[in-house]
Amino acid sequence: MSTHIWVKQLKGQAGKPESQKLILQGLGLKRVGDERTLRDTPAIRGMIQRVQHLVDIQVRQGQIALTGARSRRAE
């Protein structure tokens with residue numbers, strides 16, 4: 001059974017360092033309220049740790065349909 005992380009952006013990017021903006025972009029978050037379900041990997045957890053003050057997360061077990069370009073390429 002795989003683990004996924006649900007991430008929601010709670011705060012905007014205005015006034016934040018460029019590195020944090022790039023991390024949010026890497027997570028697929030563009031604006032407040034955006035949500036993504038991502039695979040639970042050390043890389044994703046490291047990215048979330050850097051922007052934990054801007055996002056809400058939940059760890060979920062089981063098969064969850066992934067969204068985004070990567071999941072469309074896998075189909």
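**View 1. Strand β1 sits largely enclosed by the rest of the structure.** In this predicted model, five of the seven residues of β1 are buried, so you'll find the strand mostly wrapped up by what surrounds it. Strand β1 covers residues 3-9.

**View 2. β1 has a strand partner in β3 and another in β2.** Strand β3 takes in residues 55-61, runs antiparallel to β1 and is joined to it by seven bridges. Strand β2, residues 35-39, is antiparallel to β1 too, and here five bridges do the joining. Try tracing this from Trp6: Gln58 stands opposite it in β3, while Thr37 is its bridge partner in β2.

**View 3. Here's the largest nonpolar core, with 12 residues.** Look for Ile5 and Val7, then for others including Ile23, Leu27, Ile44 and Val55. Which elements give two or more residues to this core? They are β1, α1 (18-26) and α2 (42-50). In soluble globular proteins, nonpolar side chains tend to be buried together.

**View 4. Zoom in on Val7 and its contacts.** Leaving aside residues up to four places away in sequence, Val7 touches Leu29, Leu38, Ile48, Val55 and Ile57, among others. Its list of contacts also includes Asp34, Glu35, Arg36 and Asp56.

**View 5. Now zoom back out to the whole chain, with its three helices and three strands.** Starting at the N terminus, you'll meet them in the order β-α-β-α-β-α. Of the 75 residues, 28% count as buried. Among contacts with a separation of 6 or more, 75% link residues 24 or more positions apart.

Conventions
Residues are numbered from 1 along each chain as its sequence is written. This is a predicted model: local features need pLDDT of at least 70, side-chain atom pairs count only at pLDDT 80 or more; totals for chains, interfaces and linings use all residues. Side-chain values use heavy atoms; hydrogens and water are left out. Helices (H or I, at least four residues) and strands (E, at least two) are DSSP runs, numbered from the N terminus. Buried means under 20% relative accessible area, exposed over 50%, partly exposed in between (1.4 Å probe, protein chains only). Contact means heavy atoms within 4.5 Å. A nonpolar core is a set of buried Ala, Val, Leu, Ile, Met, Phe, Trp, Tyr and Cys residues joined through side-chain atoms within 4.5 Å. Two strands pair if DSSP finds at least two bridges between them.
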